[in-house]
Amino acid sequence: MRNDLASRRSERGWSQAELAARLGVSRQTVISIERGRFDPSLPLAFSIAEVFGCTIEDVFTPAARSE
């Protein structure tokens, strides 16, 4: 799954640690999500969208499937 979490975070001037604190997760979790190594749970995805004042679909998009 692709996401624009890093750019949204940067636009607000937040560090990874600050975003992690706002979400109640570890900094390492934020790093893993930003790098696409970890897809958040649905509750965490809703929290991320809420923090940025948008929908989940605004932050996350499915990765292209290779067929």
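In this predicted model, the largest nonpolar core brings together 15 residues. Leu5, Leu19, Ile33, Ile48, Phe52 and Phe60 are the members with the most contacts inside this core. Several helices take part: α2 (16–23), α3 (27–34), α4 (42–52) and α5 (56–59) each supply at least two of the core residues. The biggest share comes from α4, which gives five residues. Isoleucine 48 offers a good view of how the core is put together. Leaving aside residues up to four places away in sequence, isoleucine 48 touches Leu5, Leu23, Ile33, Pro40, Val59 and Phe60.

Helix α2 is a helpful element to follow next. Its buried residues are Leu19, Ala20 and Leu23. These residues lie on the same side of α2, because they cover an arc of only 100° around the axis. The cover over the buried residues of α2 includes α1 (5–11), α3 and α4. Just after α2 comes glycine 24, and the phi of this glycine is positive, near 75°.

Among the residues of helix α2 is alanine 20. Alanine 20 has a relative accessibility of 3%, so it counts as buried, the cut-off being under 20%. When residues up to four places away in sequence are not counted, alanine 20 touches Val25, Ser26, Arg27 and Val30. A link to the core residue described above can also be given as a distance: alanine 20 and isoleucine 48 are 28 residues apart along the chain, and their C-alpha atoms are separated by 9.8 Å.

A charged residue can be buried too, and arginine 9 in helix α1 is the case to look at here. Its relative accessibility is 11%, and arginine 9 therefore counts as buried under the 20% cut-off. Again without residues up to four places away in sequence, the contacts of arginine 9 are Trp14, Ser15, Gln16, Leu19, Glu34 and Phe52. Two of these partners, Leu19 and Phe52, are also listed among the core residues with the most contacts.

Tryptophan 14, one of the residues touched by arginine 9, has further arginines to consider. Arginine 12 lies over the face of tryptophan 14, at 5.9 Å from the ring centre. Arginine 22 also lies over the face of tryptophan 14, with a distance of 4.0 Å from the ring centre. As for pairs between aromatic rings, a search of the whole structure finds one.

How values were computed
Residues numbered from 1 in each chain as written. Predicted model: local features only at pLDDT ≥ 70, side-chain atom pairs only at ≥ 80, totals over all residues. Heavy atoms only, no water. Core = buried A, V, L, I, M, F, W, Y, C linked by side-chain atoms within 4.5 Å. Buried < 20%, exposed > 50% of the residue type's maximum accessible area, 1.4 Å probe, protein only. Helix = DSSP H or I, 4+ residues; strand = E, 2+ residues; numbered from the N terminus. Contact = heavy atoms within 4.5 Å. Arc of directions from axis to C-beta. Phe/Tyr/Trp six-rings, centres within 6.5 Å; stacked < 30°, edge-to-face > 60°. Lys NZ or Arg CZ within 6 Å of the ring centre and 35° of its normal.
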